[in-house]
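These are my notes from a first look through one structure. I went place by place and wrote down what I looked up.

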Amino acid sequence: MTRSRITGTGMAVPARVVTNDDLAQMMDTSDEWIRQRTGIGERHWITEGETGSGLAEKAARQALAAAELLPANLDAIVCATSSPDHFIPGNGVFIGRQLGIPGVPALDVRQACSGFIYGLAVADAWIRTGLYRRILVVGTELQSTGMDISTEGRHVAVIFADGAGAVILEATEDEDRGFEAFDLHSDGTYAEMLWVDAPGSRYKGRITPEMLEAGRHFLVMDGKEVFRHAVTRMPESVMTVLGKIGKTPADITLLLPHQANLRISEMVQKGLRLRDDQVYNNIQRYGNTTAATIPILLHECVEAGRFKRGDLVVMTAFGSGFSWGSAALRW
Ligand code: UT7
C-alpha cells in the first residue's frame with residue numbers, strides 16, 4: 001500500500017524582528033502583558049518588498065535540498081495561505097513560477113491556521129491514490145500587512161506574525177512509516193469570530209473608502225471565544241486521530257500544536273495529560289504565523305534531531321472558520 005511521508009523540510013521568516021517593546025511604541029501594550037497572556041517574546045514582520053510567495057519559495061528550496069530533489073522533480077504544489085499576495089490567483093502559482101516549473105499543478109488552501117493540515121490531507125490522498133508521487137506542501141502567511149496596529153487592534157496585533165514553512169511529501173511503500181490518519185472539521189457558525197470582512201465579492205467594488213475607514217479590511221478576532229473553542233477542539237481532534245490508529249496520548253512521541261497562544265498549548269497539553277517532553281512550542285520566537293506554524297514547528301524539530309524513525313508525531317490546529325484538525329504521522 002502506498003503512503004506519503006515527509007522527506008524534507010524548510011522554513012523562512014523575514015529578517016526583521018519585532019519585539020514586544022517595539023509593539024509598545026506603536027500601541028498601548030507592554031512586554032509583561034504580552035508574555036503573561038500569550039507567551040510571545042518576539043516575532044518577525046516583513047519589510048516592504050518581501051512577499052508571502054517569496055518566503056514560501058525560500059522554505060520550499062530548503063525542503064527540496066533536504067529531500068535531495070530539484071524543483072523539476074515536483075508533481076504538484078499545495079499552498080496553504082489565508083493572506084495571498086493577491087486576491088487572485090493564489091500563491092501556489094507564484095511559487096511554481098518562482099521555482100521555474102511551469103505546468104506543475106498548484107492548489108491553494110484557505111483554511112487559515114488549520115490550512116497546512118488540510119493541505120497535508122489533500123496531498124496525502126493524492127499520493128495514496130497514485131495521482132502524484134512528490135508534492136510540495138507549503139504554509140505561508142503575511143499577517144503584518146493586514147492588522148490594525150493601533151491600541152484598538154492590540155489583542156490581534158501582538159499575536160499574529162509572518163513566516164513560511166514547507167515539506168516535501170513523497171510516496172513510500174514502507175508499511176511502518178508515513179501519514180497514518182487525519183481528522184478534519186469546520187463549523188461556519190463562527191465565521192465572523194476570526195475573519196477579514198473585506199475586500200469581498202459580495203460588495204460592489206469589493207471595498208470602499210468607507211469600509212477602509214471602518215477598518216473592515218483588518219483581521220478581526222473575538223479572542224475569548226476563539227480561545228474557548230481552541231482548547232476544546234484541539235484535544236478532541238487529537239483523541240479522534242489517535243482513536244483511528246488505535247493509540248492513546250501516552251503513545252505520542254511529540255505533539256506539535258498550532259501556535260496561537262502558549263496558554264492554549266499548555267491547556268491542550270494538560271487536557272491530554274502529556275509530559276513537557278511530549279510537546280514542542282516555539283511561539284516565544286515567532287508569534288502566531290497561521291498556516292506556517294505547523295511546518296515551522298516540523299522544520300525546527302527536524303533540525304534539532306527531535307524525530308527518529310518510528311516516532312509518533314501528532315499535529316493539531318484550530319482557527320478561522322472555525323476549522324480545525326489533526327494529523328498522525330509515523331516518522
Ligand atoms: O490562530 C488561531 C486563533 N487564535 C487564537 O487562538 C487566539 C485566542 N485568543 C487569545 O489568545 C486571547 O484571547 C488574547 C491573547 C487574544 C487576548 O487575551 P485575553 O486574556 O482574552 O484578553 P482580552 O481580549 O479579554 O482583554 C483583557 C484585557 C482588556 O482590558 P480590560 O477591558 O479588562 O480593561 C483588553 O483591553 O486586556 C486588554 N488587552 C491588552 N492589554 C495590553 C487586550 N490586548 C492587550 C494588549 N496589551 N495587547
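Entry 1. I began with R273, which is exposed, with a relative accessible area of 76%. I found R273 in the loop between α9 and α10 (283-286). The model is a predicted one, and I kept that in mind for every entry. I looked up the backbone of R273 and read a phi near 55°, a positive value in a residue other than glycine.

Entry 2. I then turned to E68, where phi is also positive, near 55°, and the residue is not a glycine. E68 belongs to the loop between α3 and β4. I asked whether E68 is buried or exposed. E68 is exposed, because its relative accessible area is 74% and the cut-off for exposed is over 50%.

Entry 3. I looked up the cis peptide bonds. One joins I88 and P89, with omega about 0°. P89 sits in the loop between β4 and α4. Another runs from A198 to P199, where omega is near 5°. I placed P199 in the loop between β9 and α7 (209-213).

Entry 4. From P89 I moved on to helix α4, residues 91-99. Which residues of α4 are buried? I noted N91, G92, F94, I95, G96 and L99. I then checked what these buried residues pack against, and wrote down α3 (52-66), β4 (76-80), β5 (106-109) and β6 (134-141). After α4 comes G100, with a positive phi near 75°.

Entry 5. Next I looked at how helices α8 and α9 meet. Helix α8 covers residues 223-244 and helix α9 covers residues 262-271. They pack at an angle of about 35°, and their axes are 9 Å apart. I noted the crossing of α8 and α9 as right-handed. On the α8 side the contact is made by F227, A230, V231, M234 and P235. On the α9 side I listed R263, I264, M267 and V268. I sorted the residues of this contact by kind: eight are nonpolar, none is polar and one is charged.

Entry 6. I picked out D124, in helix α5 (residues 115-128). I asked whether D124 is buried or exposed. D124 is buried, because its relative accessible area is 5% and buried means under 20%. Setting aside residues up to four places away in sequence, D124 touches S4, L169, F179 and F182.

Entry 7. F160 was next, in the loop between α6 (154-157) and β7 (163-172). With a relative accessibility of 3%, F160 counts as buried. What does F160 contact, apart from its neighbours within four places in sequence? I listed R43, W45, Q143, M147, L194, L219, M221, N288 and T290. I also checked F160 against D197: the two are 37 residues apart in sequence and 17 Å apart in space, C-alpha to C-alpha.

Entry 8. I went through the aromatic rings and counted six aromatic pairs. Y190 and F322 form a stacked pair, at 4.9 Å centre to centre and with 10° between the planes. Where do the two residues lie in the chain? Y190 is in the loop between β8 (178-186) and β9 (194-195), F322 is in the loop between β12 (312-319) and β13 (323-330), and they are 132 residues apart. Y190 counts as partly exposed, at 22% relative accessibility. F322 is buried, with a relative accessible area of 1%.

Entry 9. Another pair I looked up is F307 with W331. The ring centres of F307 and W331 are 4.5 Å apart and the planes are at 40°, so the pair is tilted. F307 lies in the loop between α11 (293-303) and β12, and W331 in the segment after β13, so the pair ties together parts 24 residues apart in sequence. F307 is buried, at a relative accessible area of 11%. W331 counts as buried as well, at 17% relative accessibility.

Entry 10. To finish with the rings, I noted that ring pairs link Y190, F318, F322 and W324 into a cluster. I made a last note on a charge and a ring: the charged end of R216 sits over the ring of Y203, 5.2 Å from its centre.

Technical notes. Residues are numbered from 1 along each chain as its sequence is written. This is a predicted model: local features need pLDDT of at least 70, side-chain atom pairs count only at pLDDT 80 or more; totals for chains, interfaces and linings use all residues. Side-chain values use heavy atoms; hydrogens and water are left out. Axes are lines fitted to C-alpha atoms, for helices over the stretch in contact, and angles run from 0 to 180 degrees between N-to-C directions. Helices (H or I, at least four residues) and strands (E, at least two) are DSSP runs, numbered from the N terminus. A crossing is left-handed if the near helix is turned anticlockwise from the far one by less than a right angle, and right-handed if clockwise. Contact means heavy atoms within 4.5 Å. Ala, Val, Leu, Ile, Met, Phe, Trp, Tyr, Cys and Pro count as nonpolar, Asp, Glu, Lys and Arg as charged, and the others, Gly among them, as polar. Buried means under 20% relative accessible area, exposed over 50%, partly exposed in between (1.4 Å probe, protein chains only). Rings of Phe, Tyr and Trp (its six-membered ring) pair if their centres lie within 6.5 Å; planes under 30 degrees apart count as stacked, over 60 as edge-to-face and the rest as tilted. A charge sits over a ring if NZ of Lys or CZ of Arg is within 6 Å of the ring centre and within 35 degrees of the ring normal.
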